[in-house]
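Work through the exercises below with the model open. Try each task before reading its solution.

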Amino acid sequence: MYTMGTILRHGSPAQKQAYLPKIATGELRLQAFGVTEPDAGTDTTRISTFARREGDSYIVSGRKIWISRAEHSDLMVLLCRTQKREDAAKPSDGMSVLIVDMRQAVGNGLTIRPVRTMLNHATTELFFEDLEVPAANLVGEEGKGFRYILDGMNAERILIASECIGDAKFFIDRASAYAKERNVFGRAIGENQGVQFPIARAYVQMTAAAHMVDHAAGLFEAGEPCGTEANMAKLTASEASWYAADMALQTHGGFGFAEEYDIERKFRETRLYQVAPISTNLILSHVATHVLDLPKSF
Ligand SMILES: Cc1cc2nc3c(=O)[nH]c(=O)nc-3n(C[C@H](O)[C@H](O)[C@H](O)COP(=O)(O)OP(=O)(O)OC[C@H]3O[C@@H](n4cnc5c(N)ncnc54)[C@H](O)[C@@H]3O)c2cc1C
């Protein structure tokens, strides 16, 4: 999982020793990534969950939304403010990353409320009321957490992009098989170019996106800057999987809506990736301003 890359790259030797071997063996279960807040949305610098230092602890208060896997995780990488935005030299300063041991936190200052969604995804809302976290759980330096989290976000975008490629392959495989076996007007529907061409187009788009994802993953693995490539990979892959989903539903006709074919389920699932972990608009905005030097819109 991308989450613990933050500890791998920025954690202390003691933190790495405490967590990473147990994660590798599976002794420590899933990990959650606590960034998004209801009043900040995509504008992460406006998060307000605050960790105040008291002796050897941080006392955390605030709220998070859309935190996946929280109920099933042993650990969470939490982004919070340790300095108010208005007091920081830059909006992205004054944020810190804490490792939260969920097994100790739940019921002792942390409440988890599941959020039901249109897809099978265990996501939650979190309420922090004076949750005590040992100061030894601070990752890296206080106030520099935003840059540690950005690394993890690139990994997450590449991982989700890879998932979209898998989704697209699923839709293409299912649609091709169905188009060959379904007979209407005395012949396989796949003999009609009106049915073939969308399947072929989905394959072309998926293949192009897969090259983009491989490129971004290669840069990430080499430790090179890859923010733009991770973003572009996520955009192209999420659009390829959504096109393939729509194509597969259409190819299956009425049966695309039947639960037993799994098309409608995957159709709902793959739609998420144009919104999370970052929406398409924000990627376009990144490319426009950081690559093409167009004026900043926000
Ligand atoms: C199922 C699910 C699981 C998630 N899991 C996690 C998780 O584990 N951890 C976590 O921290 N977060 C998680 N998220 C949150 C996810 O990263 C955010 O939902 C996503 O980044 C979008 O933020 P938002 O929902 O606040 O949308 P908003 O920021 O409110 O944006 C709403 C819409 O407005 C558009 N928009 C906003 N500003 C601009 C602008 N300046 N220009 C153009 N368009 C703009 C956006 O593109 C978007 O379409 C999850 C979300 C979902 C739905």
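The exercises go from the whole chain to the ligand shell, the strands, the helices and the unusual backbone angles.

This is a predicted model, in which local features need pLDDT of at least 70, side-chain atom pairs count only at pLDDT 80 or more, and totals for chains, interfaces and linings use all residues. Residues are numbered from 1 along each chain as its sequence is written.

**Exercise 1. The chain as a whole**

Task: Find how many helices and strands the chain has, and what share of its residues is buried.

Solution.
- Step 1. Assign the elements: the chain has 8 helices and 10 strands. Helices (H or I, at least four residues) and strands (E, at least two) are DSSP runs, numbered from the N terminus.
- Step 2. Set the burial classes. A residue is buried if 20 or more other C-beta atoms lie within 10 Å of its own, exposed if 12 or fewer, and partly exposed in between, with C-beta atoms placed from the backbone.
- Step 3. Apply them: of the 298 residues in the chain, 38% are buried.
- Step 4. Take the box along the principal axes. The C-alpha atoms fill roughly 80 × 45 × 35 Å.

**Exercise 2. Two domains**

Task: Describe how domain 1 and domain 2 meet.

Solution.
- Step 1. Domain 1 spans 5-141 and domain 2 spans 148-291. These bounds come from an automatic or database domain assignment.
- Step 2. Their C-alpha centres lie 30 Å apart.
- Step 3. The contact takes 13 residues from domain 1 and 10 residues from domain 2. Contact means C-beta atoms, placed from the backbone, within 7 Å.
- Step 4. On the domain 1 side, helix H1 (residues 5-10) gives the largest share, 4 residues.
- Step 5. That side divides into 7 nonpolar, 5 polar and 1 charged. Here Ala, Val, Leu, Ile, Met, Phe, Trp, Tyr, Cys and Pro count as nonpolar, Asp, Glu, Lys and Arg as charged, and the others, Gly among them, as polar.

**Exercise 3. The ligand shell**

Task: Which residues are closest to the ligand, and which elements give two or more residues to its shell?

Solution.
- Step 1. Count the neighbours: 23 residues surround the ligand. A residue is near if its C-beta atom, placed from the backbone, lies within 6 Å.
- Step 2. The closest are Val-35, Gly-41, Thr-42, Trp-66 and Ser-279.
- Step 3. Strand E1 (31-34), strand E3 (57-68) and helix H8 (280-291) each give two or more residues.
- Step 4. Sort by class: 11 are nonpolar, 12 polar and none charged.
- Step 5. Sort by domain: at least three residues come from each of domain 1 and domain 2.

**Exercise 4. Strand pairing**

Task: Trace the pairing from strand E2 through E3 and E7 to E6.

Solution.
- Step 1. E2 (residues 50-54) and E3 pair antiparallel over 5 bridges. Two strands pair if DSSP finds at least two bridges between them.
- Step 2. Fix the register: Ala-51 stands opposite Val-60 in E3.
- Step 3. Inspect the hairpin of E2 and E3. It has 2 residues between the strands, and Gly-55 takes a positive phi near 60°.
- Step 4. E3 also pairs with E7 (residues 123-134), antiparallel, over 10 bridges. Ile-65 has Glu-125 as its bridge partner in E7.
- Step 5. E6 (residues 110-115) runs antiparallel to E7, joined by 6 bridges. Ile-112 has Leu-126 as its bridge partner in E7.

**Exercise 5. Helix H6 and Asp-167**

Task: Is Asp-167 buried or exposed? Why is H6 described as largely enclosed?

Solution.
- Step 1. Asp-167 lies in helix H4 (residues 145-181).
- Step 2. It has 24 C-beta neighbours inside 10 Å, so Asp-167 counts as buried.
- Step 3. Asp-167 touches Ser-241, Lys-266 and Thr-270, leaving out residues up to four places away in sequence.
- Step 4. H6 (residues 227-251) has 25 residues and reaches 36 Å from its first C-alpha to its last, close to the 36 Å expected at 1.5 Å a residue. The expected span is 1.5 Å times one less than the number of residues.
- Step 5. H6 is largely enclosed by the rest of the structure because 18 of its 25 residues are buried.

**Exercise 6. Unusual backbone angles**

Task: Where does Arg-69 lie, and which residues does the cis peptide bond join?

Solution.
- Step 1. Recall the background: most residues other than glycine have a negative phi, and most peptide bonds are trans.
- Step 2. Arg-69 has a positive phi, near 65°. Arg-69 lies in the loop between E3 and strand E4 (75-81).
- Step 3. Asp-262 has a positive phi near 70°. Its place is in the loop between H6 and H7.
- Step 4. The cis bond joins Ala-276 and Pro-277, with omega about 0°. Pro-277 is in the loop between helix H7 (263-271) and H8.

Notes
Contact = placed C-beta atoms within 7 Å.
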